[in-house]
Amino acid sequence: MRYALDLAGRAGEQDEVPVGAIIVRDDKVMGEGWNRPIATSDPTAHAEIVAMRAAAQLLGNYRLTGTTLYVTLEPCLMCAGAMIHARIGRLVFGAHDRKRGAVNSTTHAFDTPGLNHQLEVCGGVLEQDCATRLQQFFAARRG
């Protein structure tokens with residue numbers, strides 16, 4: 001998660017919402033990303049999606065079975081759906097997103113009936129560090 005926090009810092013430096021993500025398999029980073037929707041003019045360029053794209057390219061397969069995705073903020077509905085389609089094995093996130101989080105804050109995307117894949121989820125890892133980075137970013141923008 002600390003590495004994902006470093007990536008979130010890159011997003012913040014680029015005036016993007018500071019969220020970072022990595023995908024790990026067998027203790028090796030397969031993909032990494034940080035929020036880039038402004039820089040890329042791509043509404044889907046969330047940290048999780050960028051990391052999944054990188055991992056899929058490295059592995060030569062859009063199925064990311066056996067991987068763990070670490071992200072500094074609870075994923076939104078789009079990212080949760082992409083994780084299901086990619087068959088991510090485990091999600092570890094930092095801060096809860098009380099406004100847009102789709103794992104267990106505003107909705108429970110992974111509990112949708114009829115899904116053909118289930119993820120193991122662990123939330124709140126380094127939650128205060130992850131939340132503080134976001135709070136500082138938004139405070140500076142309002143400042």
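The following paragraphs describe a predicted model, beginning with its sheet and moving outward to the helices that pack around it.

The sheet is open and has 5 strands, arranged in the order β2-β1-β3-β4-β5 with mixed pairing. Its edge strands are β2 (28-34) and β5 (120-123), each of which pairs on one side only. From one strand to the next, the twist averages 15°. In general terms, the strands of a sheet pair through backbone hydrogen bonds, in either a parallel or an antiparallel sense. Both senses can be followed here from strand β3 (residues 68-73), beginning with its pairing to strand β4 (residues 90-95), which is parallel and extends over 5 bridges. Along this pairing, Leu 69 stands opposite Leu 91 in β4, and Leu 73 has Ala 95 of β4 as its bridge partner. With β1, by contrast, β3 runs antiparallel, and 4 bridges join the two strands. Leu 69 can be located in this pairing as well, for Ile 23 stands opposite Leu 69 in β3. The setting of β3 is reflected in its burial: 5 of its 6 residues are buried, so the strand is largely enclosed by the rest of the structure.

Two helices that contact the sheet also contact each other. Helix α5 lies across β3 and β4 and runs at about 60° to β4. Helix α1 (residues 2-13) and helix α5 (residues 127-142) have their axes 11 Å apart and pack at an angle of about 5°. Because angles under 35 degrees count as roughly parallel, α1 and α5 are therefore described as roughly parallel to each other. On the α1 side, the contact is made by Arg 2, Leu 5, Ala 8, Gly 9 and Gly 12, which meet Asp 129, Cys 130, Arg 133 and Phe 137 in α5. By class, these residues comprise 4 nonpolar, 2 polar and 3 charged.

A second helix pair is formed by α3 (residues 47-59) and α4 (residues 77-86), whose axes come within 9 Å and cross at roughly 25°. These two helices are therefore also roughly parallel to each other, and their crossing is left-handed. In this contact, Glu 48, Ile 49 and Met 52 of α3 meet Met 78, Cys 79, Ala 82, Met 83 and Ala 86 of α4. The residues involved divide into 7 nonpolar, no polar and 1 charged.

Helix α4 connects this pair with the sheet. Which residues of α4 are buried? They are Cys 79, Ala 80, Met 83, Ile 84 and Ala 86. An α-helix has 3.6 residues a turn, so residues three or four places apart point the same way. The buried residues of α4 pack against α3, β3 and β4. Among them, Cys 79, Met 83 and Ala 86 also belong to the contact with α3. After α4 comes Arg 87, whose phi is positive, near 65°.

Strand β3 thus recurs throughout this account: β3 pairs with β4 in the parallel sense and with β1 in the antiparallel sense, α5 lies across β3 and β4, and the buried residues of α4 pack against β3 among other elements.

Notes: Residues numbered from 1 in each chain as written. Predicted model: local features only at pLDDT ≥ 70, side-chain atom pairs only at ≥ 80, totals over all residues. Heavy atoms only, no water. Axes fitted to C-alpha atoms, helices over the stretch in contact; angles between N-to-C directions. Parallel < 35°, antiparallel > 145°, perpendicular 65-115°, else oblique. Left-handed = near helix turned anticlockwise from the far one by under 90°. Contact = heavy atoms within 4.5 Å. Nonpolar A, V, L, I, M, F, W, Y, C, P; charged D, E, K, R; others polar. Pairing = 2+ DSSP bridges. Buried < 20%, exposed > 50% of the residue type's maximum accessible area, 1.4 Å probe, protein only.
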